[in-house]
Amino acid sequence: MGSYINFDEYTDTSMIKIPANPLDRVIGQDEAVKLALMAARQRRNLLLVGPPGVGKSMIAQAMSFYLPRPQEEIRVVHNPVYPERPFVEVKTRDEIEREKIEMNSIEGQLIDPKDAPQNVAERLGYRCPHCGFYSSPSENVCPQCGNTKMVNTAQSPFSDVFNVIGAAFGVGSNERVTQTRRIGEHEEVIVYERQGDKIRVMDEKTMERRRKIEKKSPSKVIVPIDRNPFVLATGASETELLGDVRHDPYGGHPQLGTLPYERVVAGAVHMAHEGVLFIDEITHLGNLQRFILTAMQEKSFPIIGRNPQSAGASVRVDDVPSDFILVAACNIADLQYILSPLRSRIIGNGYEILMETVMEDNEKNRLKYLQFIAQEINMDGRIPHMTIDGAYVIIQEGRRKAKEIDGKDNALSLRLRELGGLVRAAGDIAVENNHKLIEKGDVIEALKLYIPVEEKIKKYYGSMENALRTEATGSQKGVYNYSNGVDDGIYN
Ligand SMILES: Nc1ncnc2c1ncn2[C@@H]1O[C@H](COP(=O)(O)OP(=O)(O)OP(=O)(O)O)[C@@H](O)[C@H]1O
């Protein structure tokens, strides 16, 4: 019989191999998957049209795995002349690497306190001047001889007393000691600094490099180099989508306030730079769609303070990169509400895809259903695998949905989010029943819970109209009964 799975080698879904490639995990959307792969490779946009739960966001997310990892980091840099116009700075991975090396080179050399000159180790609080024992500078009293470790530099009749008091308050030693050393004719300044249980040694060259870096304008990373190349902007507010400049109660006050560059926050259009920006139900963005269009046209979008009452409103950062692949999704009914220039932009540089809602009921696709069940179980992580008998019930349910929702015979539904819910419910029941695998009975029990409430209503009341009528009269009766009930309650 065609409806049974003839895969004798499988007894349960743990034997099904889950593909390593994210796009291969998407079931029944072959055309969409093919175009998504092409779009990822060629950096094209996609519009996915179809009902909820058929794999639109799954495809968008999978696409990001096929993109090279981001190569650019975005920073905003303080503008000392006009702080409300911070600059934007884009650093490549290589430049960041070089910067790190440069930073390390200004860190000097870390040495063991025992390798430092003894007087330096004593003045920094590592070495006890009395017994020569080495300990942490946070210990003011030598753990070996019990004397205070403070170096007695000021010769005073009270220095012994001062040392004890000083030790008690933790002022026993210096953080930093400067000395000179001779290299041939030349005398060089050398600085020793406390650094935990090590000493940092900096020569003149290191100090020079440090001064140079300290002179650079301060900056803030708003889009880090190591980021997720998939950005979900569904339901995002204007500020989440486009970025913002945070409010500061002290506004532009130079002494009290936070400098404007520090308050700049990137939006989803910037975070998706070099990656995928996924917007489900794009028409819900309404007017904001035109900003998405601008960001796509310009491949950059300014960040401004979006709240006119906020002190951030006067701040603006121009040319913040926003070169993303747009994957937009919507259902068929909303197609007409997509801003037409945005839609033509997508078509002009990408593809529109109508998602499948069913696939043919054949052996190959039934095996895909098994793969889907295995994936859902794997993703959940808390439920056991399913017997093939149990999976067969899911397949039947898929067949029923294809017929009832999409009017298709000999087909399996691809409205898989709902079926995923059924798998999880069956899993929970199996766990409750202490079953090692999700059994057929568990799935049948889950089916009863999983029936949409509309179907339950129809069964219970006969029809939706009946239910509504009963509910209306019931609630009126309820009000009446309630007041009566109160009276009864008090006076009886
Ligand atoms: N074609 C599919 N193949 C495998 N699993 C799927 C597929 N479609 C849906 N699923 C399962 O359902 C979940 C939800 O699907 P997804 O979020 O991709 O749907 P969607 O079409 O984007 O729906 P919505 O528009 O409501 O966000 C997925 O995480 C996955 O577990």
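A residue is called buried here if 20 or more other C-beta atoms lie within 10 Å of its own, exposed if 12 or fewer, and partly exposed in between, with C-beta atoms placed from the backbone. Asp319 shows how this works: with 14 other C-beta atoms within 10 Å, Asp319 is partly exposed. The structure is a predicted model, in which local features need pLDDT of at least 70 and side-chain atom pairs count only at pLDDT 80 or more, while totals for chains, interfaces and linings use all residues. Residue numbers start from 1 along each chain as its sequence is written.

The overall picture comes first. The protein contains 16 helices and 18 strands, where helices (H or I, at least four residues) and strands (E, at least two) are DSSP runs numbered from the N terminus. Of its 492 residues, 32% are buried. Two residues are taken to be in contact if their C-beta atoms, placed from the backbone, lie within 7 Å. Among contacts between residues at least 6 apart in sequence, 68% join residues at least 24 apart.

The ligand is a good place to begin a closer look. Around the ligand there are 20 residues, of which Pro52, Gly55, Lys56, Ser57 and Met58 come nearest; a residue is near a molecule if its C-beta atom, placed from the backbone, lies within 6 Å of it. Two or more residues of this shell are given by each of α2 (56-65), α11 (363-380) and α13 (416-432). The shell is made up of 9 nonpolar, 6 polar and 5 charged residues. In this count Ala, Val, Leu, Ile, Met, Phe, Trp, Tyr, Cys and Pro are nonpolar, Asp, Glu, Lys and Arg are charged, and the others, Gly among them, are polar. Both domain 1 (13-28 + 359-450) and domain 2 (39-90 + 218-354) give residues to the shell, so the ligand lies between them. The domain bounds come from an automatic or database domain assignment.

The two domains also share a nonpolar core, meaning a set of buried Ala, Val, Leu, Ile, Met, Phe, Trp, Tyr and Cys residues joined through C-beta atoms within 7 Å. The largest such core has 92 residues, and Ala36, Ile59, Val276, Leu277, Val327, Ile373 and Ile394 touch the most other members. Helix α13 supplies the largest share of this core, 8 residues. At least three residues of the core come from each of domain 1 and domain 2. A second, separate core of 7 residues includes Ala116, Ala121, Tyr126 and Val177. In soluble globular proteins, nonpolar side chains tend to be buried together. Beyond its neighbours within four places in sequence, Val276 is in contact with Ala60, Met63, Ser64, Pro229, Phe230, Val231, Phe324, Ile325 and Val327.

Helix α13 also holds Gly427, which counts as buried because 26 C-beta neighbours lie inside 10 Å. Setting aside neighbours within four places in sequence, the contacts of Gly427 are Ile377, Asp380, Ile383, Pro384 and Ile438. Asp380 belongs to helix α11 and is partly exposed, with 13 other C-beta atoms within 10 Å. With the same sequence neighbours left out, Asp380 is in contact with Arg424 and Gly427. Asp380 and Arg424 are 44 residues apart in sequence, yet their C-alpha atoms are 7.5 Å apart in space.

In helix α9 (residues 289-298), the buried residues are Gln289, Ile292, Ala295 and Met296. Viewed down the axis of α9, these residues fall within an arc of 120 degrees, so they line one face of the helix; the arc is that of the directions from the helix axis to the C-beta atoms. An α-helix has 3.6 residues a turn, so residues three or four places apart point the same way. The cover over the buried residues of α9 includes α8 (268-271), β15 (325-330) and α10 (340-348).

Some backbone angles also deserve a look. Most residues other than glycine have a negative phi. Just after α9, however, Lys299 takes a positive phi of about 60 degrees. Asp319, in the loop between β14 (316-317) and β15, likewise has a positive phi of about 60 degrees although it is not a glycine. Arg43 has a positive phi near 55 degrees and sits in the loop between α1 (30-42) and β1 (45-49). With 14 C-beta neighbours inside 10 Å, Arg43 counts as partly exposed.
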